[in-house]
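Q: Please take one part of this structure and go through it closely. Start from a single residue and work outwards to what surrounds it.

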Amino acid sequence: MTNQNEIIRLKSCAESLQLANSEIIGKYTLAELCSIYNGIGPDSFPEWLRNTISALHPSLAAVALIHDIEWHESDSTKEKFTASNERFKRNGYKVAKAEYGWWNPLRYIVMNDARRFGNLCQIFGWTAWCSPCECAVCRKKKEMENA
Ligand SMILES: [Zn+2]
């Protein structure tokens, strides 16, 4: 479980770097963000992606948070799917450039991986994008509707 301090850190990172669509984070409480960031579901592609990212490049975590919220809000359209994955790449480049100087090989490694992850989402993520979100926020909403 991601703790709220981690979410606060990612949020301020996204805002200070002015990542594209970082305002989407402000729509949710910290508790909601914790479940969206953690619990999109065991079969979901973004969670797999995010675990890989956290292990390889913690610097991309803020980018992944925005991407996760977009997937949580998915309307199952191809247009927004593609936009979300493109944004992941662009935000990844931004983070890489902000965190590492041009002389630092990490800048190019992070940029390259951000592009690869964005492309993987585009190729393999469509089913997950179209499936109902399984995070705690969405489960609770469903229970309320069925009650
Ligand atoms: Zn959700």
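**A close look at helix packing**

A: Arg115 is partly exposed, because 15 other C-beta atoms lie within 10 Å (20 or more would make a residue buried, 12 or fewer exposed, and anything in between partly exposed, with C-beta atoms placed from the backbone). The model is predicted: local features need pLDDT of at least 70 and side-chain atom pairs 80 or more, while totals for chains, interfaces and linings use all residues. Residues are numbered from 1 along each chain as its sequence is written.

Arg115 sits in helix H6 (helices are DSSP runs of H or I, at least four residues, numbered from the N terminus). From Arg115 to Leu30 is 28 Å, C-alpha to C-alpha, across 85 residues of sequence.

Asp113 belongs to helix H6 too. Asp113 counts as partly exposed, because it has 17 other C-beta atoms within 10 Å. Its contacts, leaving aside neighbours within four places in sequence, are Leu56 and His57 (contact puts the two C-beta atoms within 7 Å). The C-alpha atoms of Asp113 and Ile53 are separated by 8.9 Å, although the two residues are 60 apart along the chain.

What does H6 pack against? One partner is H5: the two helices meet at an angle of about 170 degrees, with their axes 8 Å apart (axes are lines fitted to C-alpha atoms over the stretch in contact, and angles between N-to-C directions run from 0 to 180 degrees). H5 and H6 are therefore roughly antiparallel to each other (over 145 degrees; under 35 is roughly parallel, 65 to 115 roughly perpendicular, the rest oblique). Arg115 is one of the H6 residues in this contact, along with Arg107, Val110, Met111, Ala114, Phe117, Gly118, Cys121 and Gln122. H5 contributes Thr82, Asn85, Glu86, Phe88, Lys89, Gly92, Tyr93, Val95, Ala96 and Lys97. By class, that gives nine nonpolar, five polar and five charged residues (Ala, Val, Leu, Ile, Met, Phe, Trp, Tyr, Cys and Pro count as nonpolar, Asp, Glu, Lys and Arg as charged, the others, Gly among them, as polar).

H5 (residues 78-99) also packs with H4. Their axes come within 9 Å and cross at roughly 165 degrees. H4 and H5 are therefore roughly antiparallel to each other as well. On the H4 side, the contact uses Ala62, Val63, Ile66, His67, Glu70 and Trp71. On the H5 side, it uses Ser84, Phe88, Asn91, Gly92 and Val95. This contact has six nonpolar, four polar and one charged residues.

Just ahead of H4 comes Ser59. Ser59 lies in the loop between helix H3 (45-56) and helix H4 (61-72). With 18 other C-beta atoms within 10 Å, Ser59 is partly exposed. Beyond four places in sequence, Ser59 touches Val95, Glu99 and Val110. The C-alpha atoms of Ser59 and Leu10 are separated by 9.4 Å, with their positions 49 residues apart along the chain.

Leu10 leads to H1. H1 and H4 pack at an angle of about 95 degrees, with axes 9 Å apart. That makes H1 roughly perpendicular to H4. Leu10, Cys13 and Ala14 of H1 meet Ala61, Ala62, Leu65 and Ile66 of H4. By class, this contact has seven nonpolar residues, with no polar and no charged ones.

Which residues touch the most other members of the largest nonpolar core? Of its 27 residues, they are Ala14, Leu60, Ala62, Val63, Leu65, Ile66 and Ala114 (such a core is a set of buried Ala, Val, Leu, Ile, Met, Phe, Trp, Tyr and Cys joined through C-beta atoms within 7 Å). Helix H1 (4-16), helix H2 (30-38), H3, H4, H5 and helix H6 (105-124) each supply at least two residues of this core. H4 gives the most, with six residues.

Ile66 also reaches into other parts of the chain. Not counting residues up to four places away in sequence, Ile66 touches Ala14, Leu19, Asn21, Ser22, Ile24, Ile25 and Asn91.

Asn21 brings in the loop between H1 and H2, where it lies. Asn21 has a positive phi of about 70 degrees although it is not a glycine. Asn21 counts as partly exposed, because it has 16 C-beta neighbours inside 10 Å. Gln18 is found in the loop between H1 and H2 as well. Its phi is also positive, about 50 degrees, and Gln18 is not a glycine. Gln18 counts as exposed, because it has 11 C-beta neighbours inside 10 Å.
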